[in-house]
Amino acid sequence: MQTTEVYQEVKEKGIYQPDFEKSFFTAEISALKELYDFTLKAFNHVNNTDLPGLIFGFCMSNETSIAPIPDYRTFYQMIKIARPAIESLWKKLLKRETSVIMELDYPDTFDGIFLDINDFQFLMPPIIVSYPYREEDVERICSEMMQGIAPVPVMPSGVTQVHAPFIRAENITAMYPMFEFI
């Protein structure tokens with residue numbers, strides 16, 4: 001999910017390069033900055049880059065594989081099923097009047113540092129260890145991210161977070177309006 005302002009920047013400049021110093025989420029929830037910075041550090045390390053920020057997106061997953069979301073209908077169904085894991089994020093995005101769902105496609109030229117949305121939320125400060133998570137999961141997940149290994153989720157949600165370095169016009173395949181949970 002992005003904003004129409006991001007789309008406008010892509011149209012005007014040819015590229016949108018995120019910068020965590022300008023992040024809507026870290027401005028609103030400063031505790032997220034630590035996790036965002038760690039995710040960026042892992043991405044930069046694995047991809048040998050030096051970026052100021054990342055695009056946070058979604059792909060689908062099951063217990064054995066991670067795959068692109070084939071179409072908007074599948075995305076809609078996936079988000080509805082994953083409502084418990086994603087509802088608070090979704091509500092924040094809905095508050096932004098210019099939020100849109102952007103369908104993006106990238107060639108396989110970088111490691112997206114894949115992470116189940118439940119594991120990402122588990123790592124959000126302050127980390128609270130409760131079943132089914134254990135203390136050692138913090139170090140394992142972080143270590144695997146730094147190695148570019150998609151951690152096996154502790155509590156699979158079916159929604160995997162993927163990270164991208166930028167958005168160019170050729171990456172945008174479609175845009176859709178945000179939808180409310182019914």
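Two strands pair if DSSP finds at least two bridges between them, and with that rule in hand I opened this predicted model at its sheet.

**Entry: the sheet**

I looked up the strand order and found an open sheet of four strands, running β4-β3-β7-β6, with antiparallel pairing. Which strands lie at the edges? They are β4, residues 66–67, and β6, residues 115–116, and each of these pairs on one side only. I noted for myself that strands of a sheet pair through backbone hydrogen bonds, either parallel or antiparallel. I then followed β6 to β7, residues 159–164, and found that two bridges join these antiparallel strands; the bridge partner of D116 in β7 is T160.

**Entry: Q161**

I stayed in strand β7, where Q161 is found, and asked whether Q161 is buried or exposed. Its relative accessibility is 4%, and because buried means under 20%, Q161 counts as buried. Setting aside its neighbours within four places in sequence, I listed the contacts of Q161 as F56, G57, F58, I113, F114, L115, I117 and F120. I also recorded a polar contact of 3.0 Å between the side chains of Q161 and H163.

**Entry: helix α4**

I turned next to α4, which spans residues 72–81, and noted that its buried residues are F75, M78 and I79. Why do they line one face of the helix? Seen down the axis of α4, the buried residues fall within an arc of 95°, so they line one face. In general, an α-helix has 3.6 residues a turn, so residues three or four places apart point the same way. On the other side of α4 I found R73 and I81 exposed, while the cover over its buried residues includes β3, α5, β5 (99–104) and β7. At the start of this helix, a side-chain oxygen of D71 comes to within 3.4 Å of the backbone nitrogen of R73.

**Entry: the nonpolar cores**

I then looked up the largest nonpolar core, which has 37 residues, and those with the most contacts inside it are M1, F58, F75, I79, W90 and L123. Two or more residues of this core come from each of α3 (32–47), β3 (55–61), α4 (72–81), α5 (83–95), α6 (117–123) and α7 (135–147), and the largest share, six residues, is that of α3. Apart from this core lies another, of 11 residues, including V6, V100, A164 and I172.

**Entry: W90**

Last, I traced W90 and, leaving aside its neighbours within four places in sequence, found it in contact with M1, F75, I79, I101, M178, F179 and F181.

Note on methods:
Residues numbered from 1 in each chain as written. Predicted model: local features only at pLDDT ≥ 70, side-chain atom pairs only at ≥ 80, totals over all residues. Heavy atoms only, no water. Core = buried A, V, L, I, M, F, W, Y, C linked by side-chain atoms within 4.5 Å. Buried < 20%, exposed > 50% of the residue type's maximum accessible area, 1.4 Å probe, protein only. Contact = heavy atoms within 4.5 Å. Polar contact = N/O pair within 3.5 Å; in protein donor to acceptor, adjacent residues only side chain to side chain. Arc of directions from axis to C-beta.
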